[in-house]
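Before you load this one into your favourite viewer, here is a quick tour. We'll start with confidence, then go through the charged pairs and finish at a single serine.

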Amino acid sequence: RNQFGFSLGGPITKSKTFFFVSYERLQQDLATTTYAVVPTDAARAGILPGRTPIAVNPAIKPILALLPEPNGPNLGNGLANYISAPNAPTTENFFTVRLDHTFDQNRSLYGRFTYDHALSSHPDSVQVLDSNSESRRYSGTLEYTDILGTHVLNRIRFGFNRAYDGDGQTPGLGGVACGNRCRVTRAAGGT
């Protein structure tokens, strides 16, 4: 896991305009142990315990070939465990910028923009499909302040938010070609 970033700020014009910038990144490759129940080699050949061997339909053989060979304990009835520890990579970038400006003793303006983008991938237990998620978030604010008197303050503020969250599946180590049919997307607009 790597997490790093920086922050920088200071005056642009002495006592009038100031800036602040911040960036942060997370890069993580986390292995997680997964368990799956898969057919034994004998079951793939049509030999089930206590039963007469059967012929495996040729149309089923390519589907069986997508499943990994068992590497864990035999569970009986032609089933066994497959245990793996695939990587589940995650990347996130977060960025903020802010500007402040003072026109005079009573009037000021500030603006802020924030961007956040994250990607993560999680292989399924048999490593045929990767479940992917992606999010992007944008937000901003612009505010003008005017002090009109000792008891009167005028403040005008504009803000926006935009978010995208998407989930989907892409071919994993098994090489299933599913294209856009495996992609599911949700989207939300802002104010």
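What follows is a short walk through confidence, salt bridges and one strand residue.

**How far to trust it**

Keep in mind that this is a predicted model. Across the protein, pLDDT averages 84, and 87% of the residues score at least 70. Where does confidence peak, and where does it bottom out? The high end is strand β1 (residues 2-13), with a mean of 95, while the low end is strand β10 (residues 183-188), with a mean of 32. Strand β10 isn't on its own down there: pLDDT stays under 50 over residues 172-191. The model still gives that stretch 42 contacts beyond four places in sequence. Where pLDDT is low, though, the predicted coordinates shouldn't be read in detail.

**The salt bridges**

How many salt bridges does the structure hold? The count is six. Among them are these pairs, listed with their N to O distances:

| Pair | N to O distance |
|---|---|
| D104 and R107 | 3.1 Å |
| E134 and R136 | 2.7 Å |
| R137 and D165 | 3.1 Å |

The R137 and D165 pair ties together distant parts of the chain, with R137 in strand β8 (residues 129-147) and D165 in strand β9 (residues 153-171), 28 residues apart. Both ends have some surface showing: R137 is partly exposed at 36% relative accessible area, and D165 is partly exposed too, at 28%.

Now for D104 and R107. D104 comes out partly exposed, with a relative accessible area of 32%, and R107 is also partly exposed, at 31%.

Is E134 buried or exposed? E134 counts as buried because its relative accessibility is 17%, and the cut-off for buried is under 20%. Its partner R136 has a relative accessible area of 26%, so R136 goes down as partly exposed.

Salt bridges also turn up as a network here, linking E143, R155 and R157.

**One serine in a strand**

Last stop: S84, which is found in strand β5 (residues 79-84). Why does S84 count as buried? Its relative accessibility is just 8%, so S84 lands in the buried class. And what is S84 in contact with, leaving aside its neighbours within four places in sequence? The list is T32, T33 and T34, plus S125 and Q127.

Conventions: Residues numbered from 1 in each chain as written. Predicted model: local features only at pLDDT ≥ 70, side-chain atom pairs only at ≥ 80, totals over all residues. Heavy atoms only, no water. Helix = DSSP H or I, 4+ residues; strand = E, 2+ residues; numbered from the N terminus. Buried < 20%, exposed > 50% of the residue type's maximum accessible area, 1.4 Å probe, protein only. Contact = heavy atoms within 4.5 Å. pLDDT = per-residue confidence, 0-100. Salt bridge = Lys/Arg side-chain N within 4 Å of Asp/Glu carboxyl O.
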